[in-house]
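Work through the exercises below with the model open. Try each task before you read its solution.

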Amino acid sequence: MDTLNMEWVGQPTGLMAEKSADNQTITVTADNNVKEGRYKLKLTADSEAGYAPNKATATATVTVAAQKPHYHKPAAGGRI
């Protein structure tokens, strides 16, 4: 049953959300275009027939933190 739906709030560039086949796990990936910040992912799920409430809604916050590259300075004489 495909009841879990995801929608980015504000359409962030460079973020992708994918759900597992069993609707139990959401994986968020980022490409090189994403900017550091906080983004909202709206989640909705429909219940099975006969259950109440008939829809559940939640908002997840995805935080992207930039990691600065780490460079090693060569040792004297060119040896590391």
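Three exercises follow, each with a worked solution.

This is a predicted model: local features need pLDDT of at least 70, side-chain atom pairs count only at pLDDT 80 or more, and totals for chains, interfaces and linings use all residues. Residues are numbered from 1 along each chain as its sequence is written, and side-chain values use heavy atoms, with hydrogens and water left out.

**Exercise 1.** Find the salt bridge and classify its partners.

Solution.
- Apply the criterion: a side-chain nitrogen of Lys or Arg within 4 Å of a carboxyl oxygen of Asp or Glu.
- Searching the whole structure gives 1 salt bridge.
- Lys 55 pairs with Asp 46, with the closest N and O atoms 3.7 Å apart.
- Lys 55 has 47% relative accessibility, so it counts as partly exposed (buried is under 20% relative accessible area, exposed over 50%, partly exposed in between; 1.4 Å probe, protein chains only).
- Asp 46 is at 34%, so it is partly exposed.

**Exercise 2.** Place Ser 47 and list its contacts.

Solution.
- Ser 47 lies in the loop between strand 4 (37-46) and strand 5 (55-64). Strands are DSSP runs of E, at least two residues, numbered from the N terminus.
- Its relative accessibility is 28%, hence partly exposed.
- Beyond four places in sequence, Ser 47 touches Pro 53 and Asn 54 (contact: heavy atoms within 4.5 Å).
- Leu 4 is 43 residues from Ser 47 in sequence, yet 9.6 Å away, C-alpha to C-alpha.

**Exercise 3.** Describe the surroundings of Ala 56.

Solution.
- Ala 56 sits in strand 5.
- At 45% relative accessibility, Ala 56 is partly exposed.
- Setting aside neighbours within four places in sequence, Ala 56 contacts Leu 43, Thr 44 and Ala 45.
- For Thr 44, the C-alpha separation from Ala 56 is 5.6 Å, across 12 residues of sequence.

Key
Helices (H or I, at least four residues) and strands (E, at least two) are DSSP runs, numbered from the N terminus.
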